[in-house]
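Dear colleague,

I am handing over the structure you will be working with, and below it you will find what turned up when I went through it. Could you read the notes with the structure open beside them?

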Amino acid sequence: MTALPAAASTADQACARSDAAYAPAMTAKRRIGNESSETRALIVDTAELVIREEGYAAASTRRVAIRAGLKPSLVHYYFPTTDDLFLAVFKRGAAQSDAMIEQALSSDDPLRALWRFFADTSRTTLAFEFVALANHRKVIGAEIARHSEAMRARQIAALERLIGERLASLDGCTPAGFSLVLAGIGRALVMEGELGVRSGHADARAFVEAWLDQLLAPPAAPGGT
């Protein structure tokens, strides 16, 4: 058994002394481990690894504990239920996505950076697993929906500021519609690419790039040809 991290608290070690199953009287009211704990971070890291490599169905408390070199009771100390653990993994990934979007929108070329984010394949495996998981666990689906709505609201506000008037004059498309179209095309490219489907992908990418070129082109000079 791998030793517990040196930074683990006394409470961590006390909790780890027994592998006895939790009694039914144990409820979410009991104290949960500190969110800044290195042990908690290790558990979340390991759960994400298991989900990526083996799928969400394999990410049981016991499986995660084995992969992390911890006792199941210690995992339960931080995450009373498996849903709590799944939510922690999702929320961390969501925060990373938020940071990527903020970086894209604050770059010198925010629209193309946003498009690159939508077509990024680095998060594909984890995203697939959570979409599947959401079909079976309502609490996960609700959190995905909440985060997606908040993320889209930020994108819409940024697009309104950046190109709202131009969108209306060139295409009659709203920032909300533009955000959804970009995200939808990007998601389709990523999901189909993961399955090995490539038909039409180059054309779709070229279409989006041409659309962005049109939106970002400097306005014609008065009286110009």
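Let me begin with a single acidic residue, D45, which has a relative accessible area of 39% and is therefore partly exposed. Please keep in mind throughout that this is a predicted model.

The side chain of D45 meets that of R92 in a salt bridge, with 2.5 Å from N to O. This pair ties together distant parts of the chain, since D45 sits in helix α2 and R92 in helix α5, 47 residues apart. R92 is likewise partly exposed, at 26% relative accessibility.

Where does this pair fit in the wider picture? In total, the structure contains 12 salt bridges. Another of them joins R52 to E48, whose closest N and O atoms are 3.0 Å apart. These two residues lie four places apart in helix α2, so about one helical turn separates them. In general, an α-helix has 3.6 residues a turn, so residues three or four places apart point the same way. Within this pair, R52 is partly exposed, with a relative accessible area of 33%, whereas E48 is buried, at 14%. A further salt bridge connects R63 with E54, the closest N and O atoms being 2.9 Å apart, and here R63 is partly exposed at 29%, as is E54 at 35%. Through shared partners, salt bridges join D45, E48, R52 and R92 into one network.

Turning to the overall architecture, the chain has 10 helices and zero strands. Of its 225 residues, 36% are buried. Among contacts with a separation of 6 or more, 70% are between residues 24 or more positions apart.

The largest nonpolar core has 27 residues, and those that touch the most other members are I43, I51, F79, F86, F130 and I140. Two or more residues of this core come from each of α2 (38-54), α3 (61-68), α4 (72-78), α5 (82-105), α7 (124-134) and α8 (138-170), and α5 gives the largest share, seven residues. Leaving aside residues up to four places away in sequence, F130 touches I51, F86, V89, F90, I140 and I144. A second, separate core has 22 residues, including F118, A158, I163 and F178.

Helix α7 deserves a closer look, as F130 is one of its buried residues, together with T124, L126 and L133. The buried residues of α7 are covered by elements that include α2, α5, α8 and α9.

Which residues does F178, from the second core, touch? Not counting residues up to four places away in sequence, F178 is in contact with L111, L159, I163, L167, C173, W211, L212 and L215. F178 belongs to helix α9 and counts as buried because its relative accessibility is 0%. The C-alpha atom of F178 is 8.5 Å from that of I156, a residue 22 places apart from F178 along the chain.

F178 also takes part in the aromatic pairing, as ring pairs link F178, F207 and W211 into a cluster. The count of aromatic pairs comes to five. One pair, formed by Y77 and Y78, is edge-to-face, with 5.0 Å from centre to centre and 80° between the planes. Both Y77 and Y78 are buried.

Finally, there is the question of open space: how much of it lies in the largest pocket? The computed figure is about 970 Å³. The lining of this pocket consists of 33 residues, and R123, A127, V131, M151 and R187 are the ones nearest its centre. The elements that contribute two or more residues to that lining are α2, α5, α6 (110-118), α7, α8 and α9 (175-195). As you go through the model, you may notice that α2, α5, α7 and α8 appear both among the elements that give two or more residues to the largest core and among those that do so for the lining of the largest pocket.

With best wishes

How values were computed:
Residues numbered from 1 in each chain as written. Heavy atoms only, no water. Core = buried A, V, L, I, M, F, W, Y, C linked by side-chain atoms within 4.5 Å. Buried < 20%, exposed > 50% of the residue type's maximum accessible area, 1.4 Å probe, protein only. Contact = heavy atoms within 4.5 Å. Salt bridge = Lys/Arg side-chain N within 4 Å of Asp/Glu carboxyl O. Phe/Tyr/Trp six-rings, centres within 6.5 Å; stacked < 30°, edge-to-face > 60°. 1 Å grid on protein atoms, 1.4 Å probe; cavity = no way out; pocket = protein on both sides within 12 Å on 5 of 7 lines; lining within 4 Å. Points joined across faces, edges and corners; volume = space filled by probe spheres on them.
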